[in-house]
Amino acid sequence: MGVMRIGHINLRVLDMDAALDHYENTMGLSRTDTDADGNVYLKCWDEWDKYSVILTEADTAGMNSIAFKVEKDADLDAFKKRITDYGVAVTDMPPGEMNACGRAIRFTLPSGHDMRLYAEKEFLGKAVGTLNPEPWPDETKGVKAHWLDHALLMCELNPEKGVNKVAENTKFMSEVLDFHLGEQVLVGPDGDIQAATWMFRTSTPHDIAFVGGPKMGLHHCAFFLDEWSDVLKAADIMAKRKVKIDVTPQRHGITRGSTIYFFDPSGNRNETFAGLGYLAQPDMPPITWTEENLWRGIFYHTGEEAGEFTSVYT
Amino acid sequence: MTKNVVTILDTGETYGCAREENLLDAMVRLGRKGIPSGCHGGGCGVCKIHIVDGTWRGKTMSREHVSSDEEARGIVLACRAYPSSDVTLKVLGKMKKAVCRERKYGLV
């Protein structure tokens, strides 16, 4: 019962052809549909539902919405009640309003991000099938991303004005959607301001993360790769294809993942994230990073801020 | 290949930039500084500049950061501006923040 995993993300792109070249030829997703409004739907080879990425051409970059898949249709009624009781308005979406999905509910996180929950999406299957499958498909392009793994949302944080949308989101996700806190960064003179959190429903350290910044936005969405050698090869592919790399292959202290950060052609940050980190379980004690070790947590090898990592986002 | 000369008024820095290159890529490639470097895709807005002299060709950039009025007045994102002559520019917005950052709470 409850939320299973991240289902899809809807990204705004400035140039659809350039975006498709990136998500298909660099990331290795395949196009599975285009709707009447021109939105394009894509999936990774190791995913079985119809899509995990929706691209919408627009005159700004960023994220329109993020959706999580729940296990049972009845979960939608239970969550609708819990979200409403918490004081957050919920809108019903009839079947098909989200392409190829059953009914859904939508609401706005305390941070202002549009989130949806759904229980059904059209099944297409993994590229390798389910009967005596090969470990990976031959035809996949680029870095051969396995699946959309998580997203990091930037949330307004202004302690002097008493604004902390990271903490508000974390409380909401924990109390209403039953997400578990995997890791957090605590800052400020008393070390009690929750400036960043990593939360999970699967057995990996995070399915969604919230980080404080001057305004709300999308920091990145991440695609899963198996291991470190895949990360290095992915960086080669990005260099070949002149993708703007933000942070070259690194290890995160937080979540223990190995990573590359880079930008899609509209400036939306992507990540290739490898390794399952550790077994995350509901009874696992959350991990805390202090302000002085914050950058060691983010970039374990250097322990330093890289570029404009927390001020550049869409 | 002839390169146009780009002058950053704030720092006095000059560098060459071909017509096929955008103002930001050319600066970063040469290891020069001055214009804040972000997403290089017209989305994040940190490389906002005012082209006070010269001509350029612009590619689509986020309207969250540059209005069409601003674009008509030469206020653009450096990563989306391709010079067709020598160009003189001023850095807008987040330049100061990039040089002297003050953070009280780790991330903000």
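Which residues lie nearest the centre of the largest cavity? They are A:L152, A:W198, A:H252, A:Y261 and A:I298. Keep in mind that this is a predicted model.

Let's stay with cavities for a moment. Rolling a probe the size of a water molecule over the atoms shows where empty space is left. In this structure, two cavities reach 30 Å³ or more. The largest holds about 150 Å³ of space. Its lining is made of 17 residues. Where do they come from? Four elements of chain A each supply at least two residues of that lining. Three are β9 (148-158), β14 (217-225) and β17 (269-274). The other is α5 (294-298). And the chemistry? The lining of the largest cavity has eight nonpolar residues, eight polar ones and one charged one.

Next, the largest pocket. Its volume is about 770 Å³. The lining counts 26 residues. Nearest the centre are A:K242, A:V243, A:K244, B:D25 and B:H40, so look at both chains here. Two elements give two or more residues to this lining: α1 of chain A and α1 (23-29) of chain B. Which element gives the most? That is α1(A), with four residues. By class, the pocket lining has 10 nonpolar, six polar and 10 charged residues.

Now the interface. How many residues of chain B are in contact with chain A? The count is 26, and they touch 34 residues of chain A. The size of an interface is often given as the accessible area lost when the parts come together. Here, the area buried between chain B and chain A is about 2200 Å². Carbon and sulfur atoms give 57% of that area. Three residues stand out on the chain B side: B:Y105, B:L107 and B:V108. Together they supply 31% of the area that chain B buries against chain A, more than any other three residues.

What about charges? Side chains of opposite charge can pair when their charged atoms come close. Across this interface there is one salt bridge. It joins the side chains of A:K215 and B:E64, at 3.0 Å from N to O. On the side of chain B that touches chain A, we have eight nonpolar, 10 polar and eight charged residues. Polar contacts between the two chains come to three residue pairs, counting those with both residues at pLDDT 80 or more.

Let's widen the view. Over all chains, the whole structure has 23 salt bridges. One of them pairs A:D21 with A:R241, their closest N and O atoms being 3.0 Å apart. This pair links distant parts of the chain, 220 residues apart. A:D21 sits in helix α1 (residues 16-26) of chain A. A:R241 sits in the loop between α4 (228-240) and β15 (245-251) of chain A.

Note on methods
Residues are numbered from 1 along each chain as its sequence is written. Chains are lettered from A and ligands numbered from 1 in the order in which they are written. This is a predicted model: local features need pLDDT of at least 70, side-chain atom pairs count only at pLDDT 80 or more; totals for chains, interfaces and linings use all residues. Side-chain values use heavy atoms; hydrogens and water are left out. On a 1 Å grid over the protein atoms alone, a cavity is a set of points where a 1.4 Å probe fits but cannot get out, and a pocket is an open set with protein on both sides within 12 Å along at least five of seven lines; lining residues have an atom within 4 Å of a point. Grid points are joined across faces, edges and corners, and a volume is the space filled by probe spheres set on the points. Ala, Val, Leu, Ile, Met, Phe, Trp, Tyr, Cys and Pro count as nonpolar, Asp, Glu, Lys and Arg as charged, and the others, Gly among them, as polar. Contact means heavy atoms within 4.5 Å. Buried area is the accessible area (1.4 Å probe) that two parts lose on being put together, summed over both. A salt bridge is a side-chain nitrogen of Lys or Arg within 4 Å of a carboxyl oxygen of Asp or Glu. A polar contact is a pair of N or O atoms within 3.5 Å; within protein, one must be able to donate a hydrogen and the other to accept it, and residues adjacent in sequence count only if both atoms are side-chain atoms.
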